[in-house]
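Subject: A structure for you to explore

Hi there,

Here is the structure I promised to pass on to you. Have a look at it first, and then read my notes below with the 3D view open.

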Amino acid sequence: MSNVGLIIEERPADIGNFLVGRLLPFRGKRMVGPYIFIDHMGPVSLSEGENMDVAPHPHIGLSTLTYLFEGSIMHRDSLGTEMEIHPGAVNWMTAGKGIVHSERTPQRFRDLKKTIHGLQIWVALPKEMEDSEPTFHHVDQIDLPYWKDGDVSFRLIAGEAFGRKSAVPTYSKQFFLEIHSSSQQKLTIGHELFGEAGMYILEGSIESDGYVYEPKQILVAKEATLCEFTINANTTVYIFGGEPFPEERFIYWNFVATSNERIERAKEKWLNQEFDPVPGETDFVPLPKDKVRPASTSERKE
């Protein structure tokens, strides 16, 4: 982008079954708008009998957005939801005051070779929704706004932009866009954005101010409304962000909150196994012992 203020490289993070590329949070930028966590999963090839098995674990204070490029994941949660997600669709789970879920390879694929590739994203909730009841929504790809402008295609995965609104039920002013170009094009889209903006390059490259940027990094704009760049042929990028919250956020393990007290209560609740269980699941992810204290979004170095 023409006003790149920060470049965040993927860092390896172990989620139990395989390594992912951690993008947010970052010590120099904890959030971009309401977006507080982004993991790039894969692409990873799993052999017969090797599967994704993320046991039940809790969340508070956020919505999770799962978006796959390849593969399939079975989501189960404490509401009784059982939903398999496929590439191009969205699983949107809002934790509110608390929810538990698991993510596993669907049964029919467990003895086959398979590939997993996608994004796992957390969007912090507004303060007034921290005590809301948990919910789950699945939105098929066909129900996401999609349009083309010459060789450039756009898909609005979440939020609002370009005069369109995604079917994903967001709770704050935000946007999450997929842009793909089959040829080199100059894009000026800042007038369609607001708040803070980041760009993740999935494949291909973009050019800005004489620099070439390639995959596995996030570019954070100094000002979203000045978003302008050249997208090269066969490139796919994701642009996300929105209005930042007036309050800071604390993040500890899978918990996001506006206060340490809320996180401490959630920790105790999970230690005592007082969250509602996921039907049909018997194991769970224990509270990490290496977590010392929550990290605050006010600790970032702008």
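Let's start with one pair of residues: Lys 186 stands opposite Thr 230 in β22. Before going further, please keep in mind that this is a predicted model.

That pair belongs to a longer contact between two strands. β17 and strand β22 (residues 228-231) run antiparallel and are joined by 4 bridges. Both belong to an open sheet of 4 antiparallel strands, and the order across the sheet is β17-β22-β19-β20. Which strands stand at the edges? They are β17 (185-188) and β20 (211-213); each has a single partner strand, so one side of each is left without a neighbour in the sheet. From one strand to the next, the twist averages 30°.

**Another open sheet**

You can find an open sheet of 4 strands in the order β5-β10-β7-β8 as well, again with antiparallel pairing. Here the edge places go to β5 and β8 (82-85), and because each has a single partner strand, one side of each lacks a neighbour in the sheet. The twist in this sheet averages 20° from one strand to the next. Try following β5 along β10: the two strands run antiparallel and 5 bridges join them. Val 54, for example, stands opposite Glu 103 in β10.

**Salt bridges**

How many salt bridges does the structure hold? There are 13. One of them also connects β5 with β10, through the side chains of Asp 53 and Arg 104, with 3.0 Å from N to O. In sequence these two are 51 residues apart, with Asp 53 in strand β5 (residues 53-59) and Arg 104 in strand β10 (residues 99-104), so the salt bridge links distant parts of the chain. Is Arg 104 buried or exposed? Its relative accessibility is 13%, and since buried means under 20%, Arg 104 counts as buried. Asp 53, at 25% relative accessibility, counts as partly exposed.

Arg 104 has another partner too: its side chain meets that of Asp 283 in a salt bridge of 3.1 Å, N to O. This link spans 179 residues, from Arg 104 in strand β10 to Asp 283 in the loop between α1 and β26 (295-296). Asp 283 is partly exposed, with a relative accessible area of 37%. Salt bridges that share partners join Asp 53, Arg 104, Arg 110, Glu 281 and Asp 283 into one network. It is worth showing those five side chains together on your screen.

For a further example, look at Arg 76 and Glu 82, which form a salt bridge with their closest N and O atoms 3.5 Å apart. Arg 76 counts as partly exposed at 22% relative accessibility, whereas Glu 82 is exposed, with a relative accessible area of 52%.

**A covered strand**

Next, please turn to strand β11 (residues 114-124), which is mostly covered: 10 of its 11 residues are buried. It pairs with strand β4 (residues 35-46) in the antiparallel sense over 9 bridges, and Ser 45 has Thr 115 in β11 as its bridge partner. β11 also runs antiparallel to strand β6 (residues 62-70), with 8 bridges between them. Within that pairing, Tyr 67 stands opposite Leu 119.

Leu 119 is a good residue to click on. It lies in strand β11 and is buried, with a relative accessible area of 2%. Although Leu 119 and Thr 66 are 53 residues apart in sequence, their C-alpha atoms are 6.0 Å apart in space.

**A pocket**

Last, there is the second largest pocket, with a volume of about 170 Å³. Which elements give two or more residues to its lining? They are β25 (255-257) and α1 (260-271). The largest share, 4 residues, comes from α1. In total 13 residues line this pocket, and Ile 60, Lys 97, Arg 262, Arg 265 and Ala 266 lie nearest its centre. By class, the lining has 5 nonpolar, 2 polar and 6 charged residues.

Enjoy looking around, and write back with any questions!

Best wishes

Conventions
Residues numbered from 1 in each chain as written. Predicted model: local features only at pLDDT ≥ 70, side-chain atom pairs only at ≥ 80, totals over all residues. Heavy atoms only, no water. 1 Å grid on protein atoms, 1.4 Å probe; cavity = no way out; pocket = protein on both sides within 12 Å on 5 of 7 lines; lining within 4 Å. Points joined across faces, edges and corners; volume = space filled by probe spheres on them. Nonpolar A, V, L, I, M, F, W, Y, C, P; charged D, E, K, R; others polar. Buried < 20%, exposed > 50% of the residue type's maximum accessible area, 1.4 Å probe, protein only. Pairing = 2+ DSSP bridges. Axes fitted to C-alpha atoms, helices over the stretch in contact; angles between N-to-C directions. Salt bridge = Lys/Arg side-chain N within 4 Å of Asp/Glu carboxyl O.
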